[in-house]
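Q: Can you walk me through this one? I'd like the fold, then the packing, then some side chains.

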Amino acid sequence: MATVPPYQQTVIGRVGLLGATAGILIGLIEAAGMRLTDLPILKPHVPVSFWFFAPLLTSISFGLLGLVAGFLSTLPKSRFWGMALVASVAGMAGGYLAMLLRFSQAGVGWYLVLRNFLSPPLIFALAFGWTLAALWATRKDDSRLGILENAPLRIWARVVWGAMATLAVVVGVCHLPNPLNLSTAHATARRPQSPNIVLIVWD
């Protein structure tokens, strides 16, 4: 059975962490955009648990995307092509964020003006180009990660996994049934003989 070389595992892991980190940040921005710009402001339609659900979902999605991109980046012989695949994760994250902001239903004035300039292809190109340039400028021999090569892998992984685990626990707690509602429903169910009366008044 073929095994993945240690360096290849490192590349895949770092790019996966890059995607998960971008997902957490995007999820927090998405939750902030939905909560803080929702109308009416006093009673937003988005629940509080969205602060935790959005970053959890996007971190998982972009983390898996990063793993795939990291694996593909180790296959080609060209370092530039491998860096382009890694930079595509950042580009997709930027394009996804721009799409969220562009199609949001928020009605704040400054937001409506800013939304006209947030084109997903444009933001994708900017994030992709900046990341690719940073990777290429900090490249090393036989490395496709550039500046990501110096990131402390263990600390980075613990922070990301800890954040995702915390988000998952909080989302689960937020969706637990409310004991007060359960007690009210139980008390109502204990009185099946109570009359169900509808009073109609016609003036």
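A: Definition to begin with: helices (H or I, at least four residues) and strands (E, at least two) are DSSP runs, numbered from the N terminus. From the N terminus on, the elements of the protein run α-α-α-α-α-α-α.

Q: How many helices and strands is that?
A: The protein has 7 helices and 0 strands.

Q: Any caveats on the model and the numbering?
A: The model is predicted, so local features need pLDDT of at least 70 and side-chain atom pairs count only at pLDDT 80 or more, while totals for chains, interfaces and linings use all residues. Residues are numbered from 1 along each chain as its sequence is written, and side-chain values use heavy atoms, with hydrogens and water left out.

Q: What share of the residues is buried?
A: Buried residues make up 35% of the 203 residues in the protein. Buried means under 20% relative accessible area, exposed over 50%, and partly exposed in between, with a 1.4 Å probe and protein chains only.

Q: And what about contacts far apart in sequence?
A: Contact means heavy atoms within 4.5 Å. Among contacts between residues at least 6 apart in sequence, 71% join residues at least 24 apart.

Q: OK, packing. Which residues touch the most other members of the largest nonpolar core?
A: They are V15, L148, W156 and V160, in a core of 19 residues. A nonpolar core here is a set of buried Ala, Val, Leu, Ile, Met, Phe, Trp, Tyr and Cys residues joined through side-chain atoms within 4.5 Å. Helix 1 (6-36), helix 3 (79-102), helix 5 (120-137) and helix 6 (153-174) each supply at least two residues of this core. Helix 1 gives the largest share, 5 residues.

Q: Is there another core?
A: Another core, of 5 residues, lies apart from it, with A22, I26, F62 and A93 among its members.

Q: Back to L148, what is it in contact with?
A: Leaving aside neighbours within four places in sequence, L148 is in contact with R14, L18, V86, L135 and W156.

Q: Helix 6 next. Which of its residues are buried?
A: The buried residues of helix 6 are W156, A157, V160, M164, L167 and V171. They cover an arc of only 105° around the axis, which puts them on the same side of helix 6. The arc is that of the directions from the helix axis to the C-beta atoms. The face turned away from the buried side of helix 6 carries the exposed residues R154, I155, R158, V159, V169 and V173.

Q: Why would residues a few places apart end up on one side?
A: An α-helix has 3.6 residues a turn, so residues three or four places apart point the same way.

Q: What about the span of helix 6?
A: At 1.5 Å a residue, the 22 residues of helix 6 should span 32 Å, and its end C-alpha atoms are 31 Å apart, which agrees. The expected span is 1.5 Å times one less than the number of residues.

Q: Same treatment for helix 5, please.
A: Helix 5 has 18 residues and reaches 25 Å from its first C-alpha to its last, close to the 26 Å expected at 1.5 Å a residue. Its buried residues are A127, T131, L132, A134 and L135. These cover an arc of only 160° around the axis, which puts them on the same side of helix 5. On the other side of helix 5, P121, L126, W130 and A137 are exposed. What covers the buried residues of helix 5 includes helix 3.

Q: Changing topic: how many aromatic pairs?
A: The structure holds 3 aromatic pairs. Rings of Phe, Tyr and Trp (its six-membered ring) pair if their centres lie within 6.5 Å; planes under 30 degrees apart count as stacked, over 60 as edge-to-face and the rest as tilted. One of the pairs is F62 and Y96, edge-to-face at 5.6 Å centre to centre with 65° between the planes. F62 lies in helix 2 and Y96 in helix 3, so the pair ties together parts that are 34 residues apart in sequence. F62 is buried at 8% relative accessibility, whereas Y96 is partly exposed at 25%.

Q: And F124 with F128, stacked or edge-to-face?
A: Their ring centres are 5.9 Å apart and their planes at 10°, so the pair is stacked. F124 and F128 both lie in helix 5, 4 residues apart, about one turn of the helix.

Q: Last one: where is S49, and what is it in contact with?
A: S49 is in the loop between helix 1 and helix 2, and is buried with a relative accessible area of 14%. Leaving aside neighbours within four places in sequence, S49 is in contact with C174 and H175.
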